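Grab your viewer and let's work through a few short exercises on this fold. Try each one yourself before reading the solution.

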Amino acid sequence: FLIGLLPGLLANKLSFASRNFTLLNGAEFMQKRKEDVSRFYHSRPGCLHTQPPNMTDKLRRILIAEDDDDSRIALKLMLKLSKFDVIEARDGREAVNKIGSDKPDLVLMDLSLPVIDGLQATQEIRSQPEFQNLPIIFVTGYDNRETIDRIRAGGGTDYICKPIEFDDLKKMIETYLAVRRD
């Protein structure tokens with residue numbers, strides 16, 4: 001399975017027939033979402049940094065909470081190639097448990113998860129004082145105002161819509177890791 005993914009990884013594009021999950025290469029996502037992303041960044045004082053963090057001192061740990069195996073594996077591979085330490089959760093309850101035990105630096109949270117959904121998991125995470133400032137980026141296929149408002153109200157730090165342009169996700173991750181380091 002992984003050998004079949006290598007050509008796509010090298011081109012920074014992954015596509016799975018069963019889910020049509022694609023990591024795009026280019027700047028189309030940011031152009032399309034520039035206004036919303038900018039407005040969201042600026043609604044959180046002190047969250048926008050332009051310099052990426054110094055990633056040489058230790059691998060930063062990212063929790064991927066995603067129930068779709070293909071999507072989770074694709075994200076994991078891309079993040080590992082970018083020198084992140086990756087842990088995985090297949091449902092919301094597992095994500096909450098792994099936050100406590102593995103202490104990630106950032107979470108990529110699917111909105112629609114089994115057992116408890118991403119919003120419920122985020123609320124449980126935020127109820128713990130040590131994780132109130134943990135960056136939680138929602139990865140969702142829902143691109144509408146109602147969903148974005150629910151993510152913001154539910155404690156999400158930010159969001160990115162599928163299909164994911166990995167370069168933009170990586171910049172977003174580096175931005176929030178730099179904020180957390182400050």
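What follows is three exercises on a predicted model, each with its solution.

**Exercise 1. Work out which strands sit at the edges of the open sheet.**

Start with the order: 5 strands line up as β3-β2-β4-β5-β6, with parallel pairing. Next, look for strands that pair on one side only; these are β3 (85–89) and β6 (158–161). Now zoom in on one of these edges: β6 pairs with β5 (residues 136–140) in the parallel sense, over 4 bridges. One residue pair to look up there is I137 with its bridge partner D158 in β6.

**Exercise 2. Classify how helix α4 packs against helix α5.**

First get the geometry: the axes of α4 (residues 92–102) and α5 (residues 118–126) come within 9 Å and cross at roughly 20°. Angles under 35 degrees count as roughly parallel, so α4 is roughly parallel to α5. Then check the handedness: α4 passes α5 in a right-handed crossing. Finally, list who touches whom: G92, R93, V96 and I99 in α4 meet A121, E124 and I125 in α5. Sorted by class, that contact has 4 nonpolar, 1 polar and 2 charged residues. As for the sheet, α5 lies across β4 (106–110) and β5, running at about 175° to β5.

**Exercise 3. Find the stretch where pLDDT stays under 50.**

Begin with the whole chain: pLDDT averages 78, and 67% of the residues score at least 70. Then scan along the sequence: the stretch is residues 1–56. For these residues the model still has 104 contacts beyond four places in sequence.

How values were computed
Residues numbered from 1 in each chain as written. Predicted model: local features only at pLDDT ≥ 70, side-chain atom pairs only at ≥ 80, totals over all residues. Heavy atoms only, no water. Axes fitted to C-alpha atoms, helices over the stretch in contact; angles between N-to-C directions. Helix = DSSP H or I, 4+ residues; strand = E, 2+ residues; numbered from the N terminus. Parallel < 35°, antiparallel > 145°, perpendicular 65-115°, else oblique. Left-handed = near helix turned anticlockwise from the far one by under 90°. Contact = heavy atoms within 4.5 Å. Nonpolar A, V, L, I, M, F, W, Y, C, P; charged D, E, K, R; others polar. pLDDT = per-residue confidence, 0-100. Pairing = 2+ DSSP bridges.
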